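The following exercises are to be worked with the sequence and the model at hand. Each task is followed by a solution in steps.

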Amino acid sequence: MTFAPRERPLSPHTTIWRWHATMATSILHRVTGCALYGGGLILALWALALASGPEAYATFKAVLGSFPGKIVMFGLTLSVFYHLAKGVQHLIWDLGHGYKVQTATMGAIVCIAFSIAATIVVWIIAAMTGAL
């Protein structure tokens with residue numbers, strides 16, 4: 001006895017749905033969550049370099065202080081603030097608020113704006129204090 005494959009419905013995905021702000025920010029929330037895992041590895045390498053002595057720590061600082069290193073750190077800073085903002089929006093949704101389309105869209109825009117503004121402020125402060 002052979003069975004024919006059943007026709008199963010396909011889940012909606014990015015080629016079917018029209019892109020909108022909440023969809024893009026939801027995907028970006030997942031992306032930044034993955035990026036933060038990379039940030040955790042960098043933090044672990046920092047601790048390892050610190051424990052390994054002055055030469056290893058100086059090498060670590062040189063790598064992160066290079067132009068590509070600063071780009072990575074800028075991206076991680078942006079990821080932290082975006083993930084934080086989107087997490088707050090999810091908490092608001094968990095409380096049962098903000099589900100109207102206009103409110104959800106505005107929340108998505110606020111998450112993006114906050115993360116960009118906070119990242120720029122932190123990097124300006126870092127530059128002013130000589131941390132860069």
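A residue is called buried when its relative accessible area is under 20%, exposed when that area is over 50%, and partly exposed in between, using a 1.4 Å probe and protein chains only. The model is predicted: local features need pLDDT of at least 70, side-chain atom pairs count only at pLDDT 80 or more, and totals for chains, interfaces and linings use all residues. Residues are numbered from 1 along each chain as its sequence is written, and side-chain values use heavy atoms, with hydrogens and water left out.

**Exercise 1. Helix H4**

Task: Determine which residues of H4 are buried and what covers them.

Solution. Step 1: Helices are DSSP runs (H or I, at least four residues), as strands are runs of E of at least two, and both are numbered from the N terminus. Step 2: The buried residues of H4 are Ala104, Gly107, Ala108, Cys111, Ser115, Ala118, Thr119, Trp123 and Ala126. Step 3: Their cover, given by contacts (heavy atoms within 4.5 Å), includes H1 and H3. Step 4: The expected span of a helix is 1.5 Å times one less than its number of residues. For the 29 residues of H4 this gives 42 Å, and the distance from the first C-alpha to the last is close to that, at 42 Å. Step 5: Just after H4, glycine 130 has a positive phi of about 85°.

**Exercise 2. Two isoleucines of H4**

Task: Classify isoleucine 112 and isoleucine 109 as buried, partly exposed or exposed.

Solution. Step 1: Isoleucine 112 lies in helix H4 and is partly exposed because its relative accessibility is 35%. Step 2: Leaving aside residues up to four places away in sequence, isoleucine 112 touches Thr25 and Tyr82. Step 3: Isoleucine 109, also placed in helix H4, has a relative accessible area of 44% and is therefore partly exposed.

**Exercise 3. Helix H1 and threonine 22**

Task: Establish why threonine 22 counts as buried, and which residues it touches.

Solution. Step 1: Threonine 22 belongs to helix H1. Step 2: Its relative accessibility is 18%, so threonine 22 counts as buried. Step 3: Not counting residues up to four places away in sequence, threonine 22 touches Ala104, Thr105 and Ala108. Step 4: The side chains of threonine 22 and histidine 20 are joined by a polar contact of 2.8 Å. Such a contact is a pair of N or O atoms within 3.5 Å; within protein, one must be able to donate a hydrogen and the other to accept it, and residues adjacent in sequence count only if both atoms are side-chain atoms. Step 5: Other buried residues of H1 include Met23, Thr25 and His29, and the cover of the buried residues of H1 includes H2, H3 and H4. Step 6: Glycine 53, with a positive phi near 115°, follows H1.

**Exercise 4. The largest pocket**

Task: Describe the lining of the largest pocket by class and by element.

Solution. Step 1: A pocket is an open set of points on a 1 Å grid over the protein atoms alone where a 1.4 Å probe fits, with protein on both sides within 12 Å along at least five of seven lines; lining residues have an atom within 4 Å of a point. Step 2: The lining comprises 18 residues, of which Phe60, Leu64, Met73, Trp123 and Ala131 lie nearest the centre. Step 3: Helices H1 (21-52), H2 (54-65), H3 (67-94) and H4 (101-129) each give two or more residues to this lining, and the largest share, five residues, comes from H2. Step 4: By class, 13 lining residues are nonpolar, three polar and two charged. Here Ala, Val, Leu, Ile, Met, Phe, Trp, Tyr, Cys and Pro count as nonpolar, Asp, Glu, Lys and Arg as charged, and the others, Gly among them, as polar.
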